[in-house]
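Q: Got a minute to go through a structure with me? I'll pull it up now.
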Number of protein chains: 2
Amino acid sequence: MTETENIVYDVVVLGAGPVGENVADRTRAARLSTAVVESELVGGECSYWACMPSKALLRPVIAQADARRLPGLSASVQGPLDTAAVLARRDEYTSHWKDDGQIGWLDGIGADLYRGHGRLTGERTVSVTGPDGTRQTLTARHAVAVCTGTRAVLPDLPGLDGIKPWTSREATSAQAAPGRLVVVGGGVVATEMATAWQALGSRVTLLVRGKGLLNRMEPFAGELVAEGLAEAGVTVRTGTSVESVTRQDGTVVVVTDTGDRIEADEILFATGRAPHTGDIGLDTVGLEPGSWLEVDDSLRVTGSEWLYAVGDVNHRALLTHQGKYQARIAGAAIAARASGAALSQDAWGAHTATADHAAVPQVVFTDPEAAAVGLSLAEAEQAGHRVRAVDYDLGNVSGASLYAEGYRGRARMVVDLEREILLGVTFVGPGVGELIHSATIAVAGQVPISRLWHAVPSYPTISEVWLRLLEAYRDN
Amino acid sequence: MTETENIVYDVVVLGAGPVGENVADRTRAARLSTAVVESELVGGECSYWACMPSKALLRPVIAQADARRLPGLSASVQGPLDTAAVLARRDEYTSHWKDDGQIGWLDGIGADLYRGHGRLTGERTVSVTGPDGTRQTLTARHAVAVCTGTRAVLPDLPGLDGIKPWTSREATSAQAAPGRLVVVGGGVVATEMATAWQALGSRVTLLVRGKGLLNRMEPFAGELVAEGLAEAGVTVRTGTSVESVTRQDGTVVVVTDTGDRIEADEILFATGRAPHTGDIGLDTVGLEPGSWLEVDDSLRVTGSEWLYAVGDVNHRALLTHQGKYQARIAGAAIAARASGAALSQDAWGAHTATADHAAVPQVVFTDPEAAAVGLSLAEAEQAGHRVRAVDYDLGNVSGASLYAEGYRGRARMVVDLEREILLGVTFVGPGVGELIHSATIAVAGQVPISRLWHAVPSYPTISEVWLRLLEAYRDN
């Protein structure tokens with residue numbers, strides 16, 4: 001420690017990922033002085049090791065798969081992807097893991113960046129330890145927002161550290177395709193990275209502990225994605241756990257609980273996330289280090305007047321876009337409370353993150369794509385709603401069969417029978433990634449079924465599935 | 001004439017295109033006996049000479065363009081499309097211009113098909129002249145629905161008949177790509193067919209009388225589509241009329257009003273549509289043969305108790321999906337009136353085609369795609385709304401730039417400042433075709449801006465443009 005300064009801000013934000021940036025954007029828009037503390041790259045996980053690089057890897061894979069399903073075009077799509085070119089494009093989309101652009105953005109909104117590790121040291125105070133050991137104390141007049149996100153969790157297997165397994169970071173930033181890749185997990189990271197690396201030249205084996213993939217979506221999502229992975233050449237083994245992993249002469253050797261031995265060049269564990277709250281001084285404010293932070297709908301930590309937890313750390317929805325949504329609301333709530341204004345805390349109010357409960361969308365960029373918003377049938381039933389699920393085979397929609405020969409996909413809407421509004425919608429199939437926002441507006445807008453009949457889908461698009469779902473609801 | 005029978009139905013439908021089929025579907029669902037009269041193929045223009053074949057021609061073109069904009073994939077997409085394979089797929093999607101499948105569908109709903117030319121002969125009566133000259137008289141207890149659609153209109157140029165010009169029918173059903181094709185017109189058929197045939201091997205020249213393309217959309221739609229056509233190799237000449245057309249030794253010779261002489265192998269006139277009402281006996285019920293039929297919001301002809309005009313013939317919106325929407329409403333209105341039930345005739349009611357005025361969507365399947373719903377800025381201003389247009393450059397959306405390298409596109413939403421709802425939305429760019437339905441639900445659902453903030457677009461999709469538009473509206 002060389003020096004201690006105490007600097008006072010209206011707001012101190014821990015973490016400069018998309019969530020921290022958006023909190024700062026909103027508090028700065030309200031003319032609150034704002035400090036942002038970041039120990040790694042400004043822009044966060046999403047920009048460098050998640051959304052951006054993964055989608056840069058996946059987009060050519062999906063476009064190639066789409067092209068190959070079209071007679072007249074398919075024959076001219078020869079050979080594999082140019083992996084080096086795809087990786088080079090990915091490197092551009094991560095700005096080569098440099099954050100100058102993002103720093104310029106923070107500067108542009110007038111927020112002060114503190115590079116270093118931030119820790120709470122008590123009520124409204126944060127100590128920042130810079131890379132050179134310098135320590136500064138920041139005091140927040142109104143609020144501290146914890147936006148530190150999550151990190152990958154590795155399973156408790158002996159000797160795992162020694163074999164240098166991949167997590168989502170290595171899987172999205174690798175500079176070459178391993179010859180053989182084992183992916184452990186059945187969620188979004190696992191299925192997306194299996195899709196990407198298989199197409200980029202690896203022979204991928206996917207080991208899934210449970211029965212199916214994408215367990216948080218409707219069951220058919222995981223089923224269709226598993227089919228797609230298998231057709232792309234991925235070996236999918238469900239009901240399989242890893243018993244041990246070693247590295248022998250550079251080769252990863254995986255032994256499964258079924259006694260199988262799998263060799264690979266790399267192994268990716270996509271087996272869960274833990275909050276980045278272990279070393280941010282939570283104990284100094286009466287909270288448990290390493291815990292997820294419980295918040296109310298204005299994103300304020302339960303029991304606190306000044307502490308907010310926004311984005312993945314509050315465990316409401318581990319998705320960049322939903323964290324940014326929370327950040328806009330938290331920033332507005334902080335600003336309103338700072339000015340003494342009344343908050344709009346009714347459902348769907350300006351200071352209430354109602355969508356976290358009712359309308360979280362997600363797109364899985366696999367082939368087929370899987371997209372969902374709101375509650376699945378099981379979730380809706382569990383929540384006590386009186387519901388009916390209406391399904392439709394997307395392959396029977398003209399726009400879908402025109403989109404891809406032999407189109408396979410499925411749609412489901414979950415209807416609240418009391419209010420005749422939609423609680424959730426799921427689309428699985430090629431080209432549905434942009435279709436889900438129609439459902440997000442229907443669910444968040446609580447647009448009644450009777451009005452959805454007047455929202456005419458353009459013919460012949462895949463969107464016409466909306467008409468088919470309404471007809472199926474009417475006729476059955 | 002060999003014989004006259006008089007057969008009584010509850011409902012007689014003239015025209016078995018998608019619109020007539022949907023009217024029959026709804027009246028049959030209400031257990032009304034229904035006759036459908038068709039002089040050509042059951043399934044109509046859309047199935048054989050419009051939506052279906054045009055989209056079958058265009059889909060591989062668009063998928064190829066998409067693939068070519070992705071480093072790592074583009075290099076492997078070699079050479080032109082396999083035109084024969086594309087045409088063969090198109091032939092499948094038109095069922096080789098056979099309507100057995102559609103006849104089976106009509107049969108399945110229990111409607112009776114009369115093949116032949118139907119003409120009104122007075123109140124509630126229709127005379128059908130079969131292909132063999134047999135004449136039958138159908139009497140409708142409750143309603144006659146005219147769903148005869150439109151035909152292409154050729155300009156009044158001397159000698160045009162002799163050169164056998166293409167209309168939309170030939171353009172969608174041609175069995176080979178002409179070496180040189182002149183397309184006259186600047187609307188949807190012209191731009192889509194120029195896109196298709198240029199990619200399928202023709203050298204296309206597009207002659208547009210006005211200053212721009214796609215005049216019914218926001219001006220930037222036509223501008224971006226014109227750029228796309230030019231980049232694909234189409235010669236686009238705006239402000240150019242055809243003075244004369246002749247065919248000399250098989251070659252079409254076009255002379256323009258600017259004195260240019262253009263040679264081609266075929267010429268397509270996509271210069272407008274006229275209603276198919278010239279020879280359906282309108283004079284026998286006091287209406288003008290050949291006119292568009294004016295209707296109320298239940299699709300009933302003004303001044304009539306029993307005559308409906310549904311789909312293109314009423315000139316409300318010349319689009320298959322909108323005609324089908326009208327058909328559902330007309331069928332329901334016919335059924336309600338037949339049973340003496342009260343109609344739901346408030347705006348957005350079950351018997352009121354409100355979307356015809358407020359929320360007609362359209363997707364133009366060019367490269368880039370152009371999609372719009374509701375009112376353009378000019379239309380909204382002309383209608384007297386106090387509005388603000390909010391624009392956003394789609395190329396600045398992460399999901400768009402990931403979708404295609406060098407992405408170009410634009411979005412606009414037209415906000416009603418009194419009610420803070422959307423009156424219209426336009427998206428132009430690659431991959432926006434499925435995105436427009438989100439706007440259709442927002443416009444038809446009259447979802448307030450304050451609620452749209454809770455409809456979170458999934459990151460990183462093109463749909464994130466919604467967030468950018470909301471931010472632009474908020475901040476300016």
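A: Sure, and one definition before the sheet: two strands count as paired if DSSP finds at least two bridges between them. Keep in mind that this is a predicted model.

Q: OK, what's the strand order in the open sheet of three strands in chain B?
A: The order is β11-β12-β13 in chain B, and the pairing is antiparallel.

Q: Why do β11 and β13 of chain B each have one side without a neighbour in the sheet?
A: β11 (242–248) and β13 (261–264) of chain B are at the edges with a single partner strand each, so one side of each has no neighbour in the sheet. On average, neighbouring strands here are turned by 20° against each other, direction ignored.

Q: How many bridges between β11(B) and β12(B)?
A: Six bridges, in the antiparallel sense, with β12 of chain B covering residues 251–256. Within that pairing, B:Thr246 sits opposite B:Val253 in β12(B).

Q: Switching to helix α3 of chain B: where does it bend?
A: At B:Leu58, by about 25°, and a proline, B:Pro60, follows within four residues. End to end, the 18 residues of α3(B) (51–68) reach 25 Å from first C-alpha to last, close to the 26 Å expected.

Q: And is α3(B) mostly covered or uncovered?
A: Mostly covered, with 17 of its 18 residues buried.

Q: Now the contact between the chains: how many residues from each?
A: Chain A gives 66 residues and chain B gives 67.

Q: Which element supplies the largest share of chain A's side?
A: α3(A), with 10 residues. By class, the side of chain A touching chain B has 38 nonpolar, 21 polar and seven charged residues.

Terms used
Residues are numbered from 1 along each chain as its sequence is written. Chains are lettered from A and ligands numbered from 1 in the order in which they are written. This is a predicted model: local features need pLDDT of at least 70, side-chain atom pairs count only at pLDDT 80 or more; totals for chains, interfaces and linings use all residues. Helices (H or I, at least four residues) and strands (E, at least two) are DSSP runs, numbered from the N terminus. Axes are lines fitted to C-alpha atoms, for helices over the stretch in contact, and angles run from 0 to 180 degrees between N-to-C directions. The expected span of a helix is 1.5 Å times one less than its number of residues. The bend at a residue is the angle between axes fitted to the seven residues ending there and the seven starting there. A residue is buried if 20 or more other C-beta atoms lie within 10 Å of its own, exposed if 12 or fewer, and partly exposed in between; C-beta atoms are placed from the backbone. Two residues are in contact if their C-beta atoms, placed from the backbone, lie within 7 Å. Ala, Val, Leu, Ile, Met, Phe, Trp, Tyr, Cys and Pro count as nonpolar, Asp, Glu, Lys and Arg as charged, and the others, Gly among them, as polar.
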